[in-house]
Amino acid sequence: MPNDTSYPTRQLCEFLAGLKLEDVPTPVVDRTKDLFLDWIASAIAGKDAPAIRRIQEFAAAMGPQTGDAEILVDRRRTSPYFAALINGASSHVVEQDDVHNGSVLHPAAVVFPAVVAAAQAEGKTGAEVLLASIAGYEAGIRIGEFMGRSHYRVFHTTGTVGTLAAAAAVAKLYGLDAEGINQALGSAGTQAAGLWEFLRDAADSKQLHTAKAAADGLQSAWLARAGFTGARQILEGAQGMAAGMSSDANPAALTDGLGTRWATAETSFKFFASCRHTHPAADALKAVMQREGLAAEQIASVTAHVHQGAIDVLGPVVNPVTIHQAKFSMGTVLGLVAVHTHAGLGEFEQHALQDPRIAAFCNKVTMALDDEINAAYPRQWIGRVTVTTTDGRSLEARVDVPKGDPGNTLSRPELEAKAVQLGAFRHGASEAEMRAIIARVWRLDTEANVNNWLPASR
């Protein structure tokens, strides 16, 4: 057991323990509110998804029927652990939750479910939730960057690193010192899991990744508060996460710019309801079609020039058989954009598997590794497509900053419209209910608590 506290994980924990909300620039706090709204709307939109119903059934069988923590998709109450489990799962199922480019992490789906569930049980304020959430984002993003590109080829970073992000956030909410946060990360890291193999057969595992990351992160922080110990160097140790899950880990990333670089504000929103790896190419295809006045029928073929991460994740999806799997099909996403001008929730539900024009367009799409795009990834996700038309023309378009990235972000009116749309999806919340949530989120730093986001189920 090391006595030296100069190792990178400990330095990160020292920063988190000392972080105060007044240390965080106002624009970062405001952006955290934006991210919170985007999360809660995405979680509500998970209502009635088959995979989420199965997890709800599990929680009903294994967990308490009442409690302090709110389940957003059915408006019931349970323990913090099971609320984090269900809300974590539902946050990720419609593929509208946020993503951080450099770490390839979806922080919202793991950080907010854990923090809100714990805060509801502890009677914490909105300001305390914001601070804890920022701590989770700052830790999780740096840990994701530390694990490197090699990790992502096999492991779903949101399932693995997300467990530590949730643990850091809840540990901060509990007011743990650096040693306590360190112990929480140790317990979280030894539970970290999430493999990409589910994509090949349209399995539901991705929802289990975020469910378990949020719940196990909360569990790890709770145990640390109770005195349960975890490996201090779970990240960089000789038998830690990097040793078993990465070949290009970078310990310097764990402490990169602490207190000066606010990684929370680097997080991107999703414009399309699909895997983020499809978005740059979708933006580029949309651009060339608008520029040239093209219709889908005039396109003979499309080459999406991509980074290796896109090939690793999207490549296994050859013939999507579920709507969720279709969200990981480059051909399906580009087909929806080409035929229906958008790849949103409605387009996926109504057309992704039913419209024969989408299936036909899928066959026109190929992905090609692009050296420049691959070198820029994951710091920058560049979109470039080459389109061959039926009359023999070769056309190109390139998008350096996809819609939703910080340099091309969603405005608050756009986020509000997206939230209302997500609430309406599967009738998770009425427009009036969503407008009330929106108003409350914008004043979150003054809220006395974070309870009762939706009226209780009758």
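Contact here means heavy atoms within 4.5 Å, and helices (H or I, at least four residues) and strands (E, at least two) are DSSP runs, numbered from the N terminus. The model is a predicted one, in which local features need pLDDT of at least 70 and side-chain atom pairs count only at pLDDT 80 or more, while totals for chains, interfaces and linings use all residues. Residues are numbered from 1 along each chain as its sequence is written, and side-chain values use heavy atoms, with hydrogens and water left out.

**View 1. Helix H1 and the helices against which its buried residues pack.** Helix H1 covers residues 8–18, and its buried residues (under 20% relative accessible area; exposed is over 50%, partly exposed in between, with a 1.4 Å probe and protein chains only) are Pro 8, Thr 9, Arg 10, Leu 12, Cys 13, Phe 15 and Leu 16. These buried residues pack against helix H6 (126–154), helix H7 (157–173) and helix H8 (178–191). Glu 14 also belongs to helix H1, but Glu 14 is partly exposed, with a relative accessible area of 42%. From Glu 14 to Phe 425 the separation is 411 residues in sequence and 42 Å in space, C-alpha to C-alpha.

**View 2. Strand E5 and its two pairings, with strand E3 and with strand E6.** Strand E5 (residues 383–389) is mostly covered, since six of its seven residues are buried. Two strands are said to pair if DSSP finds at least two bridges between them. On this basis strand E3 (residues 299–306) pairs with E5 in the antiparallel sense over six bridges, and Thr 386 in E5 is the bridge partner of Thr 303. E5 also pairs with strand E6 (residues 394–399) in the antiparallel sense, over six bridges.

**View 3. The hairpin of E5 and E6 and the two faces of E6.** Four residues lie between the strands of this hairpin, in which Gly 392 takes a positive phi near 95 degrees. Thr 388 stands opposite Ser 394 in E6, and Gly 383 has Val 399 in E6 as its bridge partner. Along E6 the side chains alternate, with Leu 395, Ala 397 and Val 399 pointing to one face and buried, whereas Ser 394, Glu 396 and Arg 398 point to the other and are not buried. In a regular strand the side chains alternate between the two faces of the sheet.

**View 4. Asn 374 in helix H17 and its contacts.** Asn 374 has its place in helix H17, which covers residues 371–376. Asn 374 is buried, with a relative accessible area of 18%. When its neighbours within four places in sequence are left aside, Asn 374 is in contact with Arg 149, His 307, Gln 308 and Leu 369.

**View 5. The chain as the setting for the close-ups, with 19 helices and six strands.** The radius of gyration of the chain, taken over C-alpha atoms, is 21 Å, close to the 23 Å that the globule rule (2.2 Å times the number of residues to the power 0.38) gives for 458 residues, so the chain is as compact as a globular protein of that length. The C-alpha trace spans about 70 × 50 × 40 Å along its principal axes, and buried residues make up 61% of the 458 residues.
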